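Work through the exercises below with the sequence and the 3D view side by side. Each task is followed by a solution in steps.

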Amino acid sequence: MTSENKRCEIAVIVPVHNAARFLPECLSALAAQRFDDFRCILVDDGSTDDSPSLCDDMALNDRRFLVIHQAQSGVSAARIAGMRKAREEGAIWLAFCDADDCYHPDFLRTLHAAAQDAAVPLACCRYDTFADALPAESAAPDAYRVLRAPEHLEALLHDHAVDYGLWNKLYAAGLLTETMLDNGLAYNEDLLANWQAFLRAPGCAFCDFAGYHYRQHADSATHRALPPQSIDDQRRAATLIRGSVPEQWPELQQSANAFYYEKLVYLASMIQRRADADDYRVHLGELNIGITAGLKDPQLGRNPKLPFAIRVAAWATVRAPKLWRRICRKFLKDRQ
């Protein structure tokens with residue numbers, strides 16, 4: 001059993017892989033948290049730059065920081081290693097941070113207070129994006145809103161303020177499992193892990209402030225290329241979600257069906273906006289089959305929860321593909 005002097009309230013898990021360029025700012029933001037009882041577990045995942053020494057120096061100078069060095073195994077394995085260490089530290093809550101991003105100084109304090117007060121095992125906040133300078137910090141709110149089941153699952157799928165990421169949330173330590181984190185996906189893995197965790201929670205406390213600062217740079221997910229595995233994984237995640245809605249929530253099933261169909265349309269647009277779209281013709285053909293089959297389906301293309309813009313995009317994808325491709329390439333600029 002963990003000794004009382006090692007027990008901590010929150011463990012913050014930070015996977016680190018060749019992040020030396022941005023890691024000092026991330027660590028400074030973590031050290032500046034206005035919440036005393038936390039440990040930050042830095043998991044050096046086989047870095048070959050200065051990240052290992054930056055992590056070691058931080059742990060040497062601040063007892064709240066711990067370091068794990070391991071061979072490169074990927075972000076999910078790094079998070080699992082951090083979660084195991086968190087259990088050794090007796091952590092009651094878990095939070096995650098990417099090594100190139102930053103916390104608002106009241107991130108931990110605000111989410112922890114909301115979850116405790118609402119008696120729910122889950123809290124989250126909004127995030128904002130930045131490139132170079134951190135955004136101006138707004139004051140953290142004292143109030144929060146509770147999303148009761150299944151509203152919190154609906155929000156996970158459709159509310160960008162809640163978002164798919166693990167990093168803008170606080171979890172009771174027993175809510176997430178290693179199996180959830182090691183779900184076989186390299187893309188949308190956070191979404192699927194969150195869906196499974198949210199299914200186990202009676203609700204989520206939502207704090208309406210930008211508590212997480214997400215850095216945009218050339219190597220970030222929104223600017224990387226579009227590997228075929230990304231298309232496969234995102235479609236698989238949407239399929240698994242659609243197939244795992246509890247029977248007692250038929251309206252959530254309708255929402256999950258809409259999410260699935262929107263994902264098909266979105267992935268098709270991701271391909272069509274690219275100059276090398278012909279290299280993805282097999283994937284696009286599979287997506288078009290699903291989109292076409294769903295056009296008149298009341299659970300998919302005619303689902304009342306499907307946004308009107310997605311209905312138009314679905315129609316254009318299969319009925320006016322050349323025009324739609326030109327529109328995608330002109331107006332949808334990312335990942336080209």
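**Exercise 1. Surroundings of A95**

Task: Find which residues A95 is in contact with, leaving aside its neighbours within four places in sequence, and decide whether A95 is buried or exposed.

Solution.
Step 1. Since this is a predicted model, the contacts are read from predicted coordinates. A95 is in contact with I10, A11, V12 and I13, and also with Y103, F107, L108, K169 and L170.
Step 2. Locate the residue: A95 belongs to strand β4, which covers residues 93-96.
Step 3. Buried means under 20% relative accessible area. The value for A95 is 0%, so A95 is buried.
Step 4. Take a distance as well. Y212 is 117 residues from A95 along the chain, and their C-alpha atoms are separated by 11 Å.

**Exercise 2. Salt bridges between distant parts of the chain**

Task: State how many salt bridges a search of the whole structure finds, then describe the ones formed by R34, R126 and R325.

Solution.
Step 1. The search of the whole structure gives 15 salt bridges. As background, side chains of opposite charge can pair when their charged atoms come close.
Step 2. R34 pairs with D106, and their closest N and O atoms are 2.8 Å apart. This pair links distant parts of the chain, 72 residues apart: R34 is in the loop between α1 (23-31) and β2 (38-45), and D106 is in the loop between β5 (102-103) and α4 (107-118). Exposed means over 50% relative accessible area. R34 has 52% and therefore counts as exposed, whereas D106, with 7%, is buried.
Step 3. R126 pairs with D208, with 2.6 Å between the closest N and O atoms. R126 is in strand β6 (residues 122-130) and D208 in strand β9 (residues 203-215), so the salt bridge ties together parts that are 82 residues apart in sequence. With a relative accessible area of 31%, R126 is partly exposed.
Step 4. R325 pairs with D278, and here the closest N and O atoms are 3.8 Å apart. Because R325 lies in helix α12 (residues 321-331) and D278 in the loop between α9 (250-272) and α10 (281-294), the pair ties together parts that are 47 residues apart in sequence. R325 is partly exposed at 25% relative accessibility, and D278 is exposed at 52%.
Step 5. Salt bridges can also share partners: R39, K85, E88 and E89 are joined in this way into one network.

**Exercise 3. A covered helix and two surface patches**

Task: Say how many residues of helix α7 are buried, and name the residues that form the positive surface patch and the nonpolar surface patch.

Solution.
Step 1. Helix α7 spans residues 189-199 and is mostly covered, with nine of its eleven residues buried. The buried residues are E189, D190, L191, L192, A193, N194, W195, A197 and F198.
Step 2. K296, R302, R311 and R319 form a positive surface patch. One of these residues, R319, sits in helix α11 (residues 308-319).
Step 3. L323, I327 and F331 make a nonpolar surface patch of about 290 Å². F331 is part of helix α12. Its relative accessible area is 57%, so F331 is exposed.

**Exercise 4. Backbone details in loops**

Task: Find where the peptide bond from A149 to P150 lies and what its omega is, then compare the surroundings of A119 and D163.

Solution.
Step 1. The peptide bond from A149 to P150 is cis, with omega near 5°. P150 is in the loop between β7 and α5 (151-158).
Step 2. A119 is not a glycine, yet its phi is positive, about 55°. A119 is in the loop between α4 and β6, and at 64% relative accessibility A119 counts as exposed.
Step 3. D163, another residue other than glycine, has a positive phi near 65°. D163 is in the loop between α5 and β8 (169-172). With a relative accessible area of 12%, D163 is buried.

**Exercise 5. Position of D142**

Task: Determine whether D142 is buried or exposed, and how many Å apart D142 and L264 are.

Solution.
Step 1. D142 is in the loop between β6 and β7 (145-148).
Step 2. The relative accessible area of D142 is 75%, so D142 is exposed.
Step 3. From C-alpha to C-alpha, D142 and L264 are 39 Å apart in space, and 122 residues apart in sequence.

Definitions and conventions: Residues are numbered from 1 along each chain as its sequence is written. This is a predicted model: local features need pLDDT of at least 70, side-chain atom pairs count only at pLDDT 80 or more; totals for chains, interfaces and linings use all residues. Side-chain values use heavy atoms; hydrogens and water are left out. Patches are made of residues with over 30% relative accessible area and no salt bridge: like charges are joined within 9 Å, nonpolar side chains (Val, Leu, Ile, Met, Phe, Trp, Tyr) within 5 Å. Accessible areas come from the Shrake-Rupley method with a 1.4 Å probe; for residues, only the protein chains shown count as cover. A salt bridge is a side-chain nitrogen of Lys or Arg within 4 Å of a carboxyl oxygen of Asp or Glu. Lys and Arg count as positive and Asp and Glu as negative; His and the chain ends are not counted. The place of a charge is taken as NZ of Lys, CZ of Arg, CG of Asp or CD of Glu. Helices (H or I, at least four residues) and strands (E, at least two) are DSSP runs, numbered from the N terminus. Buried means under 20% relative accessible area, exposed over 50%, partly exposed in between (1.4 Å probe, protein chains only). Contact means heavy atoms within 4.5 Å.
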